[in-house]
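Trainee: I should like a close look at a single part of this model, namely its salt bridges and their surroundings. Please take one pair as the starting point and set the others around it.

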Amino acid sequence: MALHRDIFWVGRQWAVTGGGIQAVDQRLRGVLDIEVTRLWDEDFVQSRRAKPGVNAADFDSALTVARERFPQTSEPDALVAELEALGVIEAPIVSPAVPAMKLHAEGRLARFLPQWRIRR
C-alpha cells in the first residue's frame, strides 16, 4: 500500500501520514500500518510493536509524533451530533468515524419515497 499523500514525519522504518502510522517499506503492503482511529488503542499498538523486525525506537518516535498530530478526542464529531439531533441515528454508535444509520422505509411504497441522484 502506497504512503498517504500527506506526510508529516519520516523515520528509518516508519512514517506519520494523514492515514496514521505507515511502514516506509512498501513490500509489507500495509500489514503493519496503524490508522488514525486506532492510534490510542494500546493493545493494537503493542501488538504491532511486538512484531519481529520492528525498530522499536523508530516506532516509538513515530507513535509520539502521530499522537501529538492526532490527539484523542472524547467528544463526538459535529456531524454525528447533528445527525443525532435530527433523529437520523437511533442505534448506539460503535465508531465515531462511521455512525450507524437506520433507514425508515418500512410499510411505505417505494415509489412514494424521496429519491436522490448524484450528478456529475
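Mentor: Let us begin with the pair formed by Arg67 and Glu42, whose side chains meet in a salt bridge with an N to O distance of 2.8 Å. Arg67 belongs to helix α2 and Glu42 to helix α1 (residues 42-49), so this salt bridge ties together parts of the chain that lie 25 residues apart in sequence. The two partners differ in their exposure: Arg67 has a relative accessible area of 18% and is therefore buried, the cut-off being under 20%. Glu42, with a relative accessible area of 39%, is partly exposed.

It must be said at once that the model is predicted. Where pLDDT is low, predicted coordinates should not be read in detail. Helix α2 (residues 56-69), which holds Arg67, has the highest mean pLDDT among the elements of the chain, at 91. The lowest mean, 72, belongs to helix α3 (residues 78-86). Over the chain the average pLDDT is 77, and 69% of the residues score at least 70.

A second salt bridge involves the same two helices. Arg49 pairs with Asp60, and their closest N and O atoms are 2.8 Å apart. Arg49 lies in helix α1 and Asp60 in helix α2, a link between distant parts of the chain that are 11 residues apart. Both members are partly exposed: the relative accessibility of Arg49 is 29%, and that of Asp60 is 31%.

A search of the whole structure finds 3 salt bridges, and the remaining pair is Asp41 with Arg38, where the closest N and O atoms are 3.4 Å apart. Asp41 has a relative accessible area of 30% and is partly exposed. Arg38 is likewise partly exposed, at 32%.

Which charged residue is buried yet has no salt bridge? That residue is Asp33, and the nearest side chain of opposite charge, Arg48, is 7.6 Å away. Since a salt bridge requires the nitrogen to be within 4 Å of the carboxyl oxygen, Arg48 does not qualify as a partner at that distance. Asp33 sits in the loop between β3 (20-23) and β4 (34-35). Its side chain nevertheless has a polar atom 3.0 Å from the backbone nitrogen of Ala23.

The wider setting can now be added. The chain contains 3 helices and 4 strands, and along the sequence these follow the pattern β-β-β-β-α-α-α. Of its 120 residues, 22% are buried. The chain exposes about 9300 Å², of which carbon and sulfur atoms supply 54%. Among contacts with a separation of 6 or more, 34% are between residues 24 or more positions apart.

One further position follows helix α2: Pro71, in the loop between α2 and α3. Pro71 is exposed, with a relative accessible area of 54%. The C-alpha atoms of Pro71 and Val36 are 9.5 Å apart in space, although the two residues are separated by 35 residues in sequence.

To return to the starting point, helix α1 and helix α2 are linked by Glu42 with Arg67 and by Arg49 with Asp60.

Technical notes: Residues numbered from 1 in each chain as written. Predicted model: local features only at pLDDT ≥ 70, side-chain atom pairs only at ≥ 80, totals over all residues. Heavy atoms only, no water. Buried < 20%, exposed > 50% of the residue type's maximum accessible area, 1.4 Å probe, protein only. Contact = heavy atoms within 4.5 Å. Areas by Shrake-Rupley, 256 points an atom, 1.4 Å probe, with all protein chains shown as cover. pLDDT = per-residue confidence, 0-100. Lys, Arg positive; Asp, Glu negative; His and termini not counted. Polar contact = N/O pair within 3.5 Å; in protein donor to acceptor, adjacent residues only side chain to side chain.
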